[in-house]
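Q: Hi! Could you walk me through this one? I'd like to start with the strands and then move on to the helices.
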Amino acid sequence: MNLDTREPTLGVLEVAALLRELTAGLIAVDDFDEALRHLVRIARDAGPEVSWCGFTALRAGEPAGVAASDPRLAELDELRHGPESPAMTAIQRREMTIAPDLDDEQRWPGWTARARGLGVRGVISAPVDVDDRAIGAINLYAGTAGTFSTRHQLTAMLLAEHAGLLLAAVRDRARQAERAGEIDASLLGEGVVGQAVGVIMTQRGCPAPEALEVLRSAASSLDIPLREVAERLVATVSRPREG
């Protein structure tokens with residue numbers, strides 16, 4: 001899409017602040033749907049003309065993800081409209097889609113009628129590339145027709161690119177957490193490690209994950225394998241008391 005860049009964009013400081021807040025909101029999140037909720041809440045402040053924000057996500061082998069800054073408008077980001085919506089057009093064509101005045105819009109008649117009924121008068125949908133198994137679109141909505149312009153498109157483009165990177169990191173952390181959970185379950189199922197974890201749980205009154213972390217910390221501090229630490233602990237508590 002060719003944008004007329006003669007019109008000033010949202011101020012550099014404002015955009016930087018928006019992207020910084022977006023990073024801070026998603027940097028420690030490892031749940032994709034939670035990340036989407038943070039994203040739409042923050043992106044809602046992309047400019048005074050933006051009244052609402054939504055996100056439509058498609059994930060291979062997983063349910064579609066939808067988030068909305070206002071739950072009342074969530075249906076506009078859902079897949080119930082099939083391919084006939086700004087979000088799906090942006091996703092399918094891999095390009096930004098803009099409709100500054102829905103009163104004159106003819107591309108998505110069903111979606112447009114519902115959007116106008118909810119008070120939406122303009123929309124920008126920017127495609128978001130997450131990873132090889134997830135794509136989406138960030139949707140900015142205006143309550144007044146004709147307020148979205150080139151600067152809003154540029155801001156939406158920056159948001160989409162930044163959001164794609166952050167959401168990819170969220171999915172990576174989720175996969176890492178899942179693998180760590182599988183490893184923990186495997187370790188807890190092993191005889192001596194499981195026994196050692198049980199000892200620590202009894203001594204400290206803590207849950208199994210915390211006890212396993214104590215065991216790992218000890219192994220790291222002593223620079224010896226986890227299994228060896230577990231064996232030493234079990235041997236210590238199993239040793240008959242003298243006297």
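Q: Which residue is the bridge partner of Trp 52 in S5?
A: Tyr 141 is the bridge partner of Trp 52 there. Strands here are DSSP E runs of at least two residues and helices are H or I runs of at least four, both numbered from the N terminus.

Q: Before we go on, what kind of model is this, and how are residues numbered?
A: It is a predicted model, where local features need pLDDT of at least 70 and side-chain atom pairs count only at pLDDT 80 or more, while totals for chains, interfaces and linings use all residues. Residues are numbered from 1 along each chain as its sequence is written, and side-chain values use heavy atoms, with hydrogens and water left out.

Q: Thanks. How many helices and strands does the protein have?
A: There are eight helices and five strands. Starting at the N terminus, their order is α-α-β-β-α-β-α-β-β-α-α-α-α.

Q: And in what order do the strands sit in the sheet?
A: The order is S2-S1-S5-S4-S3, in an open sheet with antiparallel pairing. Two strands count as paired if DSSP finds at least two bridges between them.

Q: Which strands are at the edges?
A: Strand S2 (65-68) and strand S3 (97-99), each of which pairs on one side only. Across this sheet, neighbouring strands are turned by 15° against each other on average, with direction ignored.

Q: How many bridges join S4 to S5?
A: Nine, and the two strands run antiparallel. A hairpin through two residues connects S4 to S5. As for facing pairs, Val 123 is opposite Tyr 141 in S5, and Ser 125 is opposite Asn 139 in S5.

Q: What about the other neighbours, S1 with S5 and S3 with S4?
A: S1 and S5 pair over eight bridges in the antiparallel sense. S3 is joined to strand S4 (residues 122-131) by three bridges, also antiparallel. There, Thr 97 faces Ser 125 in S4, and Ala 99 faces Val 123 in S4.

Q: Is S5 enclosed, or is it open to the outside?
A: S5 is largely enclosed by the rest of the structure, because eight of its nine residues are buried. Buried means under 20% relative accessible area, exposed means over 50%, and partly exposed is in between (1.4 Å probe, protein chains only). S4 is mostly covered too, with eight of its 10 residues buried.

Q: What share of the whole protein is buried?
A: Buried residues come to 43% of the 243 residues.

Q: Which helix lies across the sheet strands?
A: Helix H2 (residues 32-43) lies across strand S1 (52-59), S2, S4 and strand S5 (134-142), and runs at about 150° to S1. Angles run from 0 to 180 degrees between N-to-C directions, using axes fitted to C-alpha atoms, for helices over the stretch in contact.

Q: Switching to a loop: where is Gly 146 found?
A: Gly 146 is in the loop between S5 and helix H5 (150-189). Gly 146 counts as exposed because its relative accessibility is 57%. Its C-alpha atom is separated by 5.0 Å from that of Pro 100, which is 46 residues away along the chain.

Q: Now the later helices. At what angle do H6 and H8 pack?
A: Helix H6 (residues 191-204) and helix H8 (residues 226-238) pack at about 60°, with axes 8 Å apart. H6 and H8 are therefore oblique to each other; under 35 degrees is roughly parallel, over 145 roughly antiparallel, 65 to 115 roughly perpendicular and the rest oblique.

Q: Which residues make that contact?
A: Among them are Val 192, Ala 196 and Val 199 of H6 and Ala 230, Leu 233 and Val 237 of H8, with contact meaning heavy atoms within 4.5 Å.

Q: And how do H6 and H7 pack?
A: H6 and helix H7 (residues 208-222) pack at about 110°, with axes 9 Å apart. H6 and H7 are therefore roughly perpendicular to each other. The residues meeting there include Val 193, Ile 200 and Met 201 in H6 and Ala 211, Leu 212 and Leu 215 in H7.
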